[in-house]
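This report describes one protein chain, from its overall make-up to selected side chains. Look through the sequence and the structure before reading on.

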Amino acid sequence: MLYNNHSLARKVALNLWPLTIGLFGLNSRPIADGILSVKGGKSEKEMMIKSFSAEQTKQIGEKMAVLLQPGDVICLNGDLGAGKTAFSQGVARGLKVDAHVTSPTFTLINEYTGRLPLYHFDVYRLGGPEEMLDLGYEEYFYGQGVCLVEWAELVADVLPAERLDISLTREEEREEVRNIKFTPKGQRYEQLVEELKHLVCPRD
């Protein structure tokens, strides 16, 4: 099994109208640097957030981390450089993880200690879903920590039916902009997405 264990003490369905918000509240100004855009996705249970910087992407992950519970599985998909690791760093920050979080490309799993155990997978180099068995994935997916799985679509066959899928894509005309789509699978994650919407737009 390839993983890193960072043994660190703890310092520790919705259909949205299109709107433009500041990260910490409603803002009616046109979209610009430093402003988020949030709207519903194609499904009424989806949510789309437009991030205008890597730091904003981290802040979105950090806000979501407040809502996470033991056993949650968060699946990240997107091309190289789309922001999966930045989002993961934000989640770790929100879980009060002290270690610097990097993509576990060569170790496959990094383990971190925070408010909840964080298991950070990168399955890009796996030969297929069957190789997840060698990692003992069920111990993680159905355990008491939070799982973040980068390139999750590559191991879709072994993912829990109930999970939160997050896709990150670049805008062609604006390299720094990321569209982050949240697709909940199951009631638990529908609730999480709705609560996240109220965190980033508390007046709505």
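## Burial and the overall chain

A residue counts as buried when its relative accessible area is under 20%, as exposed when that area is over 50%, and as partly exposed in between. Glu62 has a relative accessible area of 27%, so Glu62 is partly exposed.

The structure is a predicted model. The protein chain contains four helices and eleven strands. Of the 204 residues in the chain, 53% are buried. About 9,900 Å² of the protein chain is exposed, and 48% of this area comes from carbon and sulfur atoms.

## Salt bridges between two helices

How many salt bridges does a search of the whole structure find? The search finds seven. One of them joins Glu55 and Arg93, whose closest N and O atoms are 3.1 Å apart. This pair links distant parts of the chain, since Glu55 belongs to helix H1 (residues 54–65) and Arg93 to helix H2 (residues 84–94), 38 residues apart.

Arg93 also forms a salt bridge with Glu62, and here the closest N and O atoms are 3.0 Å apart. This pair too links distant parts of the chain: Arg93 is in helix H2 and Glu62 in helix H1, 31 residues apart. Arg93 therefore has a part in a salt bridge with Glu55 and in one with Glu62, and its relative accessible area of 33% makes it partly exposed. Glu55, at 34% relative accessibility, is partly exposed as well.

## A salt-bridge network

Lys50, Glu171 and Arg174 are linked in a network of salt bridges. Within it, the side chains of Arg174 and Glu171 meet at 3.2 Å, N to O.

Is Glu171 buried or exposed? Glu171 is buried, because its relative accessible area is 16% and the limit for buried is under 20%. Arg174 is at 33% relative accessibility, so Arg174 counts as partly exposed.

## A buried asparagine

Asn77 lies in strand E6, which covers residues 73–77. Its relative accessible area is 14%, so Asn77 is buried.

Which backbone nitrogens does the side chain of Asn77 contact? A polar atom of the Asn77 side chain lies 3.2 Å from the backbone nitrogen of Ala152. The side chain of Asn77 also reaches the backbone nitrogen of Glu153, at 2.8 Å.

## Two surface patches

One patch on the surface is negative, and Glu130, Glu131, Asp134 and Asp157 form it. Glu131 is placed in the loop between strand E8 (118–122) and helix H3 (137–141). Its relative accessibility is 32%, so Glu131 counts as partly exposed.

Another patch is nonpolar and consists of Leu80, Tyr124 and Leu154, which together have about 300 Å² of accessible area. Where does Tyr124 lie? Tyr124 lies in the loop between E8 and H3. With a relative accessible area of 39%, Tyr124 is partly exposed. The loop between E8 and H3 thus holds Glu131 of the negative patch and Tyr124 of the nonpolar patch.

Terms used. Residues numbered from 1 in each chain as written. Predicted model: local features only at pLDDT ≥ 70, side-chain atom pairs only at ≥ 80, totals over all residues. Heavy atoms only, no water. Patch = residues over 30% accessible without salt bridge, like charges linked within 9 Å, V, L, I, M, F, W, Y side chains within 5 Å. Areas by Shrake-Rupley, 256 points an atom, 1.4 Å probe, with all protein chains shown as cover. Salt bridge = Lys/Arg side-chain N within 4 Å of Asp/Glu carboxyl O. Lys, Arg positive; Asp, Glu negative; His and termini not counted. Charge placed at Lys NZ, Arg CZ, Asp CG, Glu CD. Helix = DSSP H or I, 4+ residues; strand = E, 2+ residues; numbered from the N terminus. Buried < 20%, exposed > 50% of the residue type's maximum accessible area, 1.4 Å probe, protein only. Polar contact = N/O pair within 3.5 Å; in protein donor to acceptor, adjacent residues only side chain to side chain.
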